[in-house]
Amino acid sequence: MRIGELSRRSGVPVPTIKYYVRERLLPPGELTSPNQADYGPGHERRLRLIRVLLEVGGLSLAAIGEVLEAADDPEQPVIKVLGAAAKGVTPLEEGESGPELDQARDDVSALLGRRDWRVSEGTTAAESLAGVIAALRRVGHGGLVELLEVYADAAEVVARADLDYVQRKVAREELVESVVVGTVLGEAMFGALRRLAHEDVSVQRYESRVAGGGAPPVT
């Protein structure tokens, strides 16, 4: 297909496609004449991946280049490619340094040890969790930290479901795209489901208490 057709099919403007080619984010098309190039399904798939990394994952073009370089390297194990993609979109909350954060890091380390979770050293997700734990304690809700194991149980179930979905994909680019979408939109989906479940459980607990003559919840 010509570059105009590639633009229509991918939703990426022609000047942007040319820019991606210059920046080596997108392989050049096969020259059919000095001023014409032919593009195939692989180019369309790569443009879709770039859009996902940019628009959904929020990665910079430099970070996208690193992910694509890893995806294009056949010597890189798939797990390393997926890790690079996930790392790029994992939000890292900046916590205030001090004893609270140090204690929270120790709590995270202990959790990982108890559950025998094998994660890379210095993973941003662990630091994000430590920041959340420290923040909970600062605002007087340290009791939620006692629910870490419960949340971890649920997280394992969700993680297995995520990877079951990811493993349906065959091409490395499709794997990377699935990780990015799952990390960003999957978390949003889980958060929405959690809020719906909160509402249902609240109704079950409090309305049943009122119907049974118990005191209504204080509002």
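Helix 6 and helix 7 sit oblique to each other, and that pairing is a good way into this predicted model. The chain around them has 219 residues, and its secondary structure adds up to nine helices and two strands. Below is a quick tour: the helix 6 and helix 7 pairing, the chain as a whole, a second helix pair, and then a few loop residues worth a look.

**Helix 6 against helix 7**

- Helix 6 covers residues 99-115 and helix 7 covers residues 124-138; their axes come within 8 Å and cross at roughly 125°.
- That angle lies outside the 65 to 115 range for roughly perpendicular and is not over 145, the mark for roughly antiparallel, so the two helices end up as oblique.
- As for handedness, helix 6 goes past helix 7 in a right-handed crossing.
- On the helix 6 side, the residues in contact are Glu100, Leu101, Gln103, Ala104, Arg105, Asp107, Val108 and Leu111.
- Facing them from helix 7 are Ala126, Glu127, Leu129, Ala130, Gly131, Ile133, Ala134, Arg137 and Arg138.
- Sorted by class, this contact holds nine nonpolar, six charged and two polar residues.

**The chain as a whole**

- Reading from the N terminus, the elements go α-α-β-β-α-α-α-α-α-α-α.
- Buried residues account for 26% of the chain.
- The accessible surface is about 14,400 Å², and carbon and sulfur atoms hold 55% of that.
- Take the contacts between residues at least 6 apart in sequence: 61% of them link residues at least 24 apart.

**Helix 1 against helix 3**

- Here's another packed pair: helix 1 (residues 3-10) and helix 3 have their axes 10 Å apart, at an angle of about 45°.
- Helix 1 is therefore oblique to helix 3.
- This crossing is right-handed, with helix 1 passing helix 3.
- Helix 1 brings Leu6, Arg9 and Ser10 to the contact, while helix 3 brings His43, Glu44, Leu47 and Arg51.
- The class tally for this contact is three charged, two nonpolar and two polar residues.

**A buried loop residue**

- Leu59 belongs to the loop that joins helix 3 (41-56) to helix 4 (61-72).
- With a relative accessible area of 5%, Leu59 falls under the 20% cut-off, so this loop residue counts as buried.
- Leu59 and Val180 are 121 residues apart along the chain, and their C-alpha atoms are separated by 10.0 Å.

**Two loop residues with positive phi**

- Some background first: most residues other than glycine have a negative phi.
- Arg24 goes the other way, with a positive phi of about 65° even though it is not a glycine.
- You'll find Arg24 in the loop between helix 2 (14-22) and strand 1 (30-33).
- Its relative accessible area is 78%, so Arg24 is exposed.
- Asp116 also has a positive phi, about 55°, and is not a glycine either.
- Asp116 sits in the loop between helix 6 and helix 7, which brings us back to the opening pair.
- Asp116 has 57% relative accessibility, so this residue counts as exposed.

How values were computed:
Residues are numbered from 1 along each chain as its sequence is written. This is a predicted model: local features need pLDDT of at least 70, side-chain atom pairs count only at pLDDT 80 or more; totals for chains, interfaces and linings use all residues. Side-chain values use heavy atoms; hydrogens and water are left out. Axes are lines fitted to C-alpha atoms, for helices over the stretch in contact, and angles run from 0 to 180 degrees between N-to-C directions. Helices (H or I, at least four residues) and strands (E, at least two) are DSSP runs, numbered from the N terminus. Angles under 35 degrees count as roughly parallel, over 145 as roughly antiparallel, 65 to 115 as roughly perpendicular and the rest as oblique. A crossing is left-handed if the near helix is turned anticlockwise from the far one by less than a right angle, and right-handed if clockwise. Contact means heavy atoms within 4.5 Å. Ala, Val, Leu, Ile, Met, Phe, Trp, Tyr, Cys and Pro count as nonpolar, Asp, Glu, Lys and Arg as charged, and the others, Gly among them, as polar. Buried means under 20% relative accessible area, exposed over 50%, partly exposed in between (1.4 Å probe, protein chains only). Accessible areas come from the Shrake-Rupley method with a 1.4 Å probe; for residues, only the protein chains shown count as cover.
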